[in-house]
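Work through the exercises below with the structure open beside you. Try each task before you read its solution.

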Amino acid sequence: MSRLLTLSRAARLVGVRRGELQSRIRSGELAAFEGMVSADDLLRAYPDARLEGNAGLERFDAIKDTAFTRRMRERLLPSTEVLVARLAELGRERARVQAQLEHYRGIVEQLQARLRENPDLAGLQAWLRQRLEPATPAGQAQPLLAQESFLRIMTAHVQVRPSGHEFFVDGNDSLLEAALRAGLSFDYGCSIGNCGKCKAKVASGQVHRTRHSDYVLTAAEKNAGVVLMCCHTALTDLVIEAREAHGAADMPLQTLEARIRSVSPLGEDVRLLHLQTPRSTRLRFLAGQSVSLALPDGTGCSFPVASCPCDERNLHFHVRRRRGEAFAERVFDGLQGVDAVRVEGPRGSFVLNEDSHRPLVFIAGESGFAPVKSLIEHAMALDAAESLHLYWVASSPGGHYLDNLCRSWADALDNFRYVPVTAPAAPADAAVTGALQEVMRDHPRLGDCDVYVAAPAPWANAAEFELLEHGLPREQLLVSALET
Ligand code: FES
């Protein structure tokens, strides 16, 4: 049988997104065995696969890097120690396969000799000869498998139980960093080995300790193969057991002081407030959720987080100027004399339904783009959705204040569509009509989609009413009605 490859690794090999492979598996175009695909089937499905210079995937990686953190752009090679260990493991595996092949070759030779002795079994002998022909023309699968070996040296693949989620560990990243970047929601707190929240049990494979700080583990846990994900990287491909958050209810309420990194204009009426959490106390939240921000004098307001939970310590907020709203006024004045902001949260259940593989439709109104941006970046990190369509309604031409970012997503991703809509601010139903007409035109079978709406309350309510009127099932619609 041809070599089996994990879905993530197969996608990397032929230069497509994992979501595309999943959609071909669902449609029956590509066979899968327990979440794996064979090298032969993969080559049949992608006969023109270019094994080098996968431009589409490179563009996708670049988008993810830009969306997440600057540090990620500096992709590092694994350390010498890790490279040597992976090469050694590959050598051991090669020796095991070689020994197995020798064993089977002996059995086949004996079987052929016995068949030759028995003329009645000539048909069986011909059948056996035919079955022993390679499934793919000689040499065709070799570049694919060579590339796979190279990938295994450069990156380790991790499968998570019981969720079945997968992620890759690049360079010297810890297991925790790599998992967060892949959009997974593990429990964690400090990222430096102090809190003990990021425990995972290694079911198979080898890890390498990158930080000597596992005193929070008991001797029994260590003996059972439990490690701290923030203090270990992967030496080889791994299977780990760890608990992931499944929804907003799994997110604890947290309070922390975040440093102000910058306040910068995003447009005439919107400012980007960039906060950074302490190294030892990260904010754990799900994409789309909100937090309360408070200045030392008590001035405060609630905002959806605009950045992805995978963006390490960075928290972004899109603050819209509102008459009489003290916190926004202070932000527009540059938060002079303020060093830190108290953050409390997360709150809200405007989060991605990760169990769904339906196409995703996002309707953002004005700075309702903030939680939608977080959801889109999270969906891109998970790479499981069949398609992502964004309709951004603004009441002024400059209201699409991150238009270039949205266009870069659309340029880079085949499955991403971006439609900016300019509409009158009132009445509310007139404001959302243009966007909804576009949505209906693009999705005549709206019931096949999951729709996420984040907009000022009157717009959000009008859109909710219209979408349900057009037959969208209630459970496939999530609405965030914003004050801002
Ligand atoms: S996150 Fe605190 S020990 Fe790993």
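**Exercise 1. Find the partners of strand S15.**

Start with strand S10, residues 254-265, and strand S15, residues 340-347: they run antiparallel and are joined by six bridges. Helices (H or I, at least four residues) and strands (E, at least two) are DSSP runs, numbered from the N terminus. Two strands pair if DSSP finds at least two bridges between them. Now pick out one residue pair: Ala-258 stands opposite Val-341 in S15. Next, turn to strand S12, residues 290-294. S12 also runs antiparallel to S15, with four bridges. Here Ser-290 has Arg-347 of S15 as its bridge partner.

A note on the model before going on. The model is predicted: local features need pLDDT of at least 70, side-chain atom pairs count only at pLDDT 80 or more, and totals for chains, interfaces and linings use all residues. Residues are numbered from 1 along each chain as its sequence is written.

**Exercise 2. Describe the protein as a whole.**

Step one: count the elements. The protein has 14 helices and 20 strands.

Step two: take the extent. Along the principal axes, the C-alpha atoms fill a box of roughly 95 × 55 × 35 Å.

Step three: check burial. Of the 484 residues, 38% are buried. A residue is buried if 20 or more other C-beta atoms lie within 10 Å of its own, exposed if 12 or fewer, and partly exposed in between; C-beta atoms are placed from the backbone.

Step four: look at contacts, meaning residue pairs whose C-beta atoms, placed from the backbone, lie within 7 Å. Take those between residues at least 6 apart in sequence: 72% join residues at least 24 apart.

**Exercise 3. Trace strand S3 and its sheet.**

Strand S3 covers residues 155-161, and five of its seven residues are buried. First, go to strand S4, residues 166-170. S3 and S4 run antiparallel, joined by five bridges. His-157 faces Phe-168 in S4. Four residues lie between the strands of this hairpin, and Gly-164 takes a positive phi near 85°.

Second, go to strand S9, residues 238-241. S3 and S9 run parallel, with four bridges. Arg-161 stands opposite Glu-241 in S9.

Third, place these strands in their sheet. The open sheet has five strands in the order S4-S3-S9-S5-S7, and the pairing is mixed. S4 and strand S7 (226-228) are at the edges with a single partner strand each, so one side of each has no neighbour in the sheet. The twist averages 40° from one strand to the next. Angles run from 0 to 180 degrees between N-to-C directions, and axes are lines fitted to C-alpha atoms, for helices over the stretch in contact.

**Exercise 4. Build the parallel sheet and add two helices.**

Lay out the strands: S18-S17-S16-S19-S20 form an open sheet of five with parallel pairing. Find the edges: strand S18 (416-422) and strand S20 (477-482) each have a single partner strand, so one side of each is left without a neighbour in the sheet. Add the twist, which averages 10° from one strand to the next.

Zoom in on strand S19, residues 450-456, which pairs with S20 in the parallel sense over six bridges. Ala-454 has Ser-480 in S20 as its bridge partner.

Now add helix H11, residues 369-382. H11 packs on the sheet and touches strand S16 (360-365), strand S17 (388-394), S19 and S20. The direction of H11 makes about 155° with that of S16. Finish with helix H14, residues 457-469, which packs on the sheet and touches S16, S17, S19 and S20. The direction of H14 makes about 155° with that of S19.

Definitions and conventions:
Two residues are in contact if their C-beta atoms, placed from the backbone, lie within 7 Å.
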